[in-house]
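User: I am new to this structure and would like to go through it step by step. Could you take my questions in turn?

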Amino acid sequence: QRYYYYGCPLDVIPDEDPNNPGEPFLCGDTNVDGNQLARTSEHMAIGAINYVDEWFNGWTVSARLDASYQSKQYVNPLNVGYVDERTLYNGSVNLTGPDGHWDVTLWGKNLDDEEYVQSVFATALFTNILVANGQGRTWGGTVKYNF
């Protein structure tokens, strides 16, 4: 006999299916026909706004704001558990010297400090799910001198 326990709304009864006496207990729909592919979004979109201008004494400033969206992702082929949709915003401002030697950048990721799930790993038996949360808002900068 086979027993499927994943996603059962009732207590597991190992003897027989309560709705079909004499049949092995199969809780959860094991048919994946027509289901969304696991760990993939049905919809994704990326957009960005860039600004570039020459400022004082030949210095160039460039700025970028981007957004990335992904719809919900199921964590397994049965389409039972899922990771919710998310939209993340990132940005940067860059100054480049007139001779191209100096390059200064300030950047930020996840600007609105969205709490989200970065990735999910379901074990082989689907009894344990490991979740990794995404990183919160981060800021940084780089200074480069090109020879």
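User: Is Asp66 buried or exposed?

Analyst: This is a predicted model, and the answer rests on a computed accessibility. The relative accessible area of Asp66 is 16%, and a residue counts as buried when that value is under 20%. Asp66 is therefore buried.

User: With which residue does Asp66 form a salt bridge?

Analyst: A search of the whole structure finds two salt bridges, and one of them involves Asp66, whose closest N and O atoms to its partner are 3.4 Å apart. The partner has a relative accessible area of 35%, so it is partly exposed. That residue is Arg64.

User: How many residues apart in sequence are the parts that Asp103 and Lys144 tie together?

Analyst: The side chains of Asp103 and Lys144 meet in a salt bridge, with an N to O distance of 4.0 Å. Asp103 lies in strand β6 and Lys144 in strand β9, which spans residues 138-145, so the pair ties together parts whose separation in sequence is 41 residues.

User: Which residues make the nonpolar surface patch of about 530 Å²?

Analyst: One member, Trp102, is found in strand β6, which covers residues 102-109. Trp102 has a relative accessibility of 39% and so counts as partly exposed, and patches take residues with over 30%. The patch is made by Trp102, Val143, Tyr145 and Phe147.

User: How many strands does the protein chain have?

Analyst: From the N terminus on, the elements run β-β-β-β-β-β-β-β-β. The protein chain has zero helices, and its number of strands is nine.

Technical notes. Residues numbered from 1 in each chain as written. Predicted model: local features only at pLDDT ≥ 70, side-chain atom pairs only at ≥ 80, totals over all residues. Heavy atoms only, no water. Patch = residues over 30% accessible without salt bridge, like charges linked within 9 Å, V, L, I, M, F, W, Y side chains within 5 Å. Areas by Shrake-Rupley, 256 points an atom, 1.4 Å probe, with all protein chains shown as cover. Helix = DSSP H or I, 4+ residues; strand = E, 2+ residues; numbered from the N terminus. Buried < 20%, exposed > 50% of the residue type's maximum accessible area, 1.4 Å probe, protein only.
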